Amino acid sequence: MSHLPAELLRDLSEIVGPAGLINDEAAMQAYLSDWRNAYRGRAALVVRPASAGEVAAVVRACHQAGVALVPQGGNTGLCGGSIPDDSGHQVVLSLTRLTRIRDVDAGNETITVEAGVVLQQVQEAAAAVGRQFPLSLGAEGSCTIGGNLATNAGGTAVLRYGNMRDLTLGVEVVLPDGRLWNGLRGLRKDNTGYDLKHLFIGSEGTLGIITAAVLKLYPAVRSRTTAWVALPSPQAAVALIGRMRALCGDRLTGFELMSRQSVAFVLRHVPGCSDPFADEHPWYVLIELSDTLPEAPLNAMLESGLGAAFEEGEALDAVVAGSEAQVAALWKLREGISEAQNHEGPSLKHDISVPVSSIAAFIAQADERLQQAFPGVRIVCYGHVGDGNLHYNISKPVGSEDAPFKAQAEAIMHLIYDVTAAFAGSISAEHGLGQAKREAARRYKDPLELELMRSLKQTLDPAGLMNPGKLL
Ligand code: FAD
Ligand code: 2HG
Ligand code: ZN
């Protein structure tokens with residue numbers, strides 16, 4: 001039985017038609033929990049408009065009725081931002097029917113897409129015109145552009161191309177009262193006052209609903225080389241990224257760090273993966289060089305960088321992928337970590353960033369303090385070295401129960417965030433705050449910044465109907 005006023009139900013049904021409403025309990029379930037079942041809520045209704053105009057009408061109707069909306073894209077977010085609370089009064093607004101690629105402007109190097117287009121489809125549309133859209137992450141086959149914008153997604157190519165914020169020229173947004181703001185400008189220069197698109201990018205659906213965006217395209221990559229390198233320490237990884245950058249400049253397009261524990265989980269749980277080396281090593285990096293030239297001398301550059309790294313003791317062993325299949329196998333070892341960790345019980349996720357120069361000291365200090373305070377917990381540390389972004393995730397000790405481990409989650413989190421703060425880092429590098437880190441942000445974020453954020457929220461959404469309980 002829906003908690004919505006009958007008049008609102010009728011209006012919504014008229015706006016989106018029968019195909020756009022889900023109120024059957026069983027059919028709603030897919031929208032009410034996240035992919036690892038870490039967050040679960042209830043909803044009065046799931047509404048699925050098929051155009052920006054329909055989104056605007058839905059938001060207007062809900063605004064008039066005082067009903068809260070929870071925007072949802074591919075539902076791959078890791079902080080519970082797209083999951084409603086357990087009141088059963090909120091409406092989930094799914095954007096997955098907004099699937100049009102509105103325009104490809106090769107001359108302007110831009111693509112204009114609706115919020116529900118899946119990231120991989122944007123990558124494919126760019127490839128079809130000899131370009132690339134460089135945002136790349138493990139969930140790219142199901143996350144949406146709207147979700148990427150709302151979380152300011154990062155991923156594995158940020159060191160070269162930036163995060164979603166850097167890749168966006170314009171947005172179209174339905175404001176909390178239902179007005180449609182057309183900010184779909186494809187301009188690289190526009191200094192006509194405050195750049196409002198940046199308010200909505202990274203706002204996790206708390207300030208409005210993003211319905212479309214103008215995104216930057218880049219020249220297609222025509223040569224690529226990928227290597228898997230064993231290292232003695234995180235310090236060696238930081239030295240090696242500096243070395244490769246100095247040598248290759250913008251051709252360095254991927255540099256991912258993984259601890260042995262992270263890779264061991266993938267080897268144990270993800271079918272079809274194998275260790276590239278005969279021996280175990282404490283740390284690994286996946287290096288990718290790429291270029292727009294078809295025959296760029298990338299292997300020679302890689303060999304030169306790695307040769308020096310071996311001499312300096314930064315690298316212990318290395319393999320270079322000799323085929324597309326080997327490239328895919330190396331990336332699978334990296335991208336499989338998130339899923340693999342789920343098989344080892346609850347995974348306490350800490351998506352932190354520190355200055356790149358502090359990565360090694362952060363890991364050393366956090367490891368030492370954790371093992372002292374919580375002996376036996378397994379540290380699953382991996383991440384995007386070029387961004388100073390570590391997924392410093394924790395799994396329970398071998399053979400222990402979930403419940404006592406979960407009871408320690410908050411203390412573990414505070415320990416890790418205290419070390420992060422000591423290095424002037426951030427408690428959310430790329431996943432956002434959602435419902436997972438809302439409390440923590442109050443503790444670790446500057447109070448004046450929080451006050452400014454609250455005043456912006458109050459100005460744009462005075463009734464508090466946009467994704468309440470998230471971010472702030
Ligand atoms: P959802 O999960 O549906 O929503 C995320 C947030 O955005 C919610 O707060 C929601 O309310 C809001 N939202 C969604 N659509 C809209 C809209 N149109 N307008 C306004 N608000 C909206 N993230 C990274 O940054 N880097 C990674 O490397 C990365 N790797 C991942 C790997 C795996 C295996 C998984 C499962 C996730 C990974 N993620 C990563 C997290 C996730 O994929 C991203 O946060 C992604 O951007 C979310 O997109 P989505 O469409 O699934 O959004
Ligand atoms: C990644 O880099 C993602 O693989 C997911 O950001 C991290 O699951 C995680 O903690
Ligand atoms: Zn990541």
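The following exchange goes through the ligand sites, the zinc ion and the aromatic pairs of this predicted model.

Me: What makes H384, H391 and E430 the protein donors of the zinc ion (ligand 3)?
Reply: Their atoms NE2 of H384, NE2 of H391 and OE of E430 lie 1.9 to 2.2 Å from the zinc ion. The cut-off for a donor to this metal is 2.8 Å, so these atoms count as donors. Along the chain the donors follow the spacing H-x6-H-x38-E. H391 sits in strand β18 and E430 in the loop between α15 (409-422) and α16 (438-444), 39 residues apart, and this pair links distant parts of the chain.

Me: Why is H391 called buried?
Reply: Buried means under 20% relative accessible area. H391 has 5% relative accessibility, so the term applies.

Me: How do you know whether E430 is buried or exposed?
Reply: The value for E430 is 10% relative accessibility. Set against the limit of under 20%, that makes E430 buried.

Me: What makes the approach of R334 to ligand 2 a polar contact?
Reply: An N or O atom in the side chain of R334 is 2.7 Å from an oxygen atom of ligand 2. A pair of N or O atoms within 3.5 Å is a polar contact, so the R334 pair qualifies. For the side chain of S338 the distance to an oxygen atom of ligand 2 is 2.5 Å, and for the side chain of Y382 the corresponding value is 3.3 Å; both are within 3.5 Å and therefore count too. Of the 290 Å² that ligand 2 exposes when taken alone, the protein buries 88%.

Me: Which residues are around ligand 2, and how do they divide by character?
Reply: The residues around ligand 2 are L78, R334, S338, K349, Y382, H384, H391, N393, E430 and H431. They divide into two nonpolar, five polar and three charged. Lys, Arg and Glu count as charged, so K349, R334 and E430 belong to the charged group. Leu and Tyr count as nonpolar, so L78 and Y382 belong to the nonpolar group.

Me: What makes the pair of E430 and ligand 1 a polar contact?
Reply: An N or O atom in the side chain of E430 is 3.0 Å from a nitrogen atom of ligand 1. The limit is within 3.5 Å, so this is a polar contact. A polar side-chain atom of T151 also lies 3.0 Å from ligand 1, there from an oxygen atom. The backbone supplies a further example: a polar atom of G205 is 3.5 Å from a nitrogen atom of ligand 1. The protein covers 95% of the 980 Å² of accessible area that ligand 1 has on its own.

Me: Where does the shell around ligand 1 come from?
Reply: The elements giving two or more residues are β3 (69-72), α5 (145-151) and β10 (209-216). The largest share, five residues, comes from α5. In total 34 residues surround ligand 1, and the closest are P71, G73, T76, G77 and T144. By character the shell holds twelve nonpolar, 20 polar and two charged residues.

Me: Why is the pair of W181 and F200 called tilted?
Reply: The ring centres are 5.9 Å apart and the planes make 40 degrees. Rings pair if their centres lie within 6.5 Å, and planes neither under 30 nor over 60 degrees apart count as tilted, so both conditions are met. W181 lies in strand β9 (residues 180-183) and F200 in helix α7 (residues 197-200), so the pair ties together parts 19 residues apart in sequence. F200 is buried, with a relative accessible area of 4%.

Me: What makes the pair of F362 and Y392 edge-to-face?
Reply: Their planes stand at 80 degrees and their centres are 5.5 Å apart. Over 60 degrees counts as edge-to-face, so the pair gets that name. F362 lies in helix α13 (residues 359-373) and Y392 in strand β18, 30 residues apart.

Me: How do you know whether F362 and Y392 are buried or exposed?
Reply: F362 has 0% relative accessibility, and Y392 has 0% as well. Under 20% means buried, so both are buried.

Key:
Residues are numbered from 1 along each chain as its sequence is written. Chains are lettered from A and ligands numbered from 1 in the order in which they are written. This is a predicted model: local features need pLDDT of at least 70, side-chain atom pairs count only at pLDDT 80 or more; totals for chains, interfaces and linings use all residues. Side-chain values use heavy atoms; hydrogens and water are left out. A residue is near a molecule or strand if one of its heavy atoms lies within 4 Å of it. A polar contact is a pair of N or O atoms within 3.5 Å; within protein, one must be able to donate a hydrogen and the other to accept it, and residues adjacent in sequence count only if both atoms are side-chain atoms. Accessible areas come from the Shrake-Rupley method with a 1.4 Å probe; for residues, only the protein chains shown count as cover. Rings of Phe, Tyr and Trp (its six-membered ring) pair if their centres lie within 6.5 Å; planes under 30 degrees apart count as stacked, over 60 as edge-to-face and the rest as tilted. Helices (H or I, at least four residues) and strands (E, at least two) are DSSP runs, numbered from the N terminus. Buried means under 20% relative accessible area, exposed over 50%, partly exposed in between (1.4 Å probe, protein chains only). Donors are N, O and S atoms within 2.8 Å of the metal (3.2 Å for Na, K and Ca); water is not among the atoms, so sites may look incomplete.
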